[in-house]
Amino acid sequence: VQLQAFGGGLVQAGGFLRISCAASGRTISDYDMAWFRQAPGKERDFVAAIRRSESSTRYVDSVKGRFAISRDNAKNTVYLQMNSLKPEDTAVYYCAAKTGGWIMTSQVKEPSRYDSWGQGTQVTVSS
């Protein structure tokens, strides 16, 4: 499956943005999906994940209550709604998919568990 993230941009602190991850080649309905982000000079960090059964989601503590991950299997797209953005949210955001098998709940935050990645979209939050 090929993933393409888009929708990033420049936004002021306190603002909102929705980024999308469009999949092609395969349907994502059977895949666990996730968003990660990477700031300059830092490692790629987990942001949010959504199970193939979309009622199950997980978030890193720093975005709980501000970000929401969702999926539209009919459109083969995963979204990340980001509200109350902070300068520390500035990063390149990547979407990822687990295309083979399951990810244990304790492992959803590990980038190595995902086997398909998009190219990333830049989100910049100005203070």
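In this predicted model, Arg44 lies over the face of Trp117, at 4.9 Å from the ring centre. Arg44 also lies over the face of Tyr94, in that case at 3.7 Å from the ring centre.

Trp117 leads on to the aromatic contacts. Searching the whole structure gives four aromatic pairs. In one of them, Phe36 and Trp117, the ring centres are 5.1 Å apart and the planes stand at 55°, so the pair is tilted; the tilted class takes angles that are neither under 30 degrees nor over 60. This pair joins distant parts of the chain: Phe36 belongs to strand S4 (residues 32–38) and Trp117 to strand S10 (residues 116–117), with their positions 81 residues apart.

What is the relative accessible area of Phe36? The value is 0%, and Phe36 is therefore buried, since the limit for that class is under 20%. Trp117, with 27% relative accessibility, counts as partly exposed.

Trp117 also pairs with Tyr114. Here the ring centres are 6.4 Å apart and the planes are at 70°, so the pair is edge-to-face. The distance falls within the 6.5 Å allowed for a pair, and the angle is over the 60 degrees required for edge-to-face. Tyr114 has a relative accessible area of 5% and is therefore buried.

The residues of both pairs belong to one aromatic cluster, which is formed by Phe36, Phe46, Tyr114 and Trp117. Within that cluster, Trp117 is the residue whose ring face has Arg44 over it, as described at the start.

Terms used:
Residues are numbered from 1 along each chain as its sequence is written. This is a predicted model: local features need pLDDT of at least 70, side-chain atom pairs count only at pLDDT 80 or more; totals for chains, interfaces and linings use all residues. Side-chain values use heavy atoms; hydrogens and water are left out. Rings of Phe, Tyr and Trp (its six-membered ring) pair if their centres lie within 6.5 Å; planes under 30 degrees apart count as stacked, over 60 as edge-to-face and the rest as tilted. Helices (H or I, at least four residues) and strands (E, at least two) are DSSP runs, numbered from the N terminus. Buried means under 20% relative accessible area, exposed over 50%, partly exposed in between (1.4 Å probe, protein chains only). A charge sits over a ring if NZ of Lys or CZ of Arg is within 6 Å of the ring centre and within 35 degrees of the ring normal.
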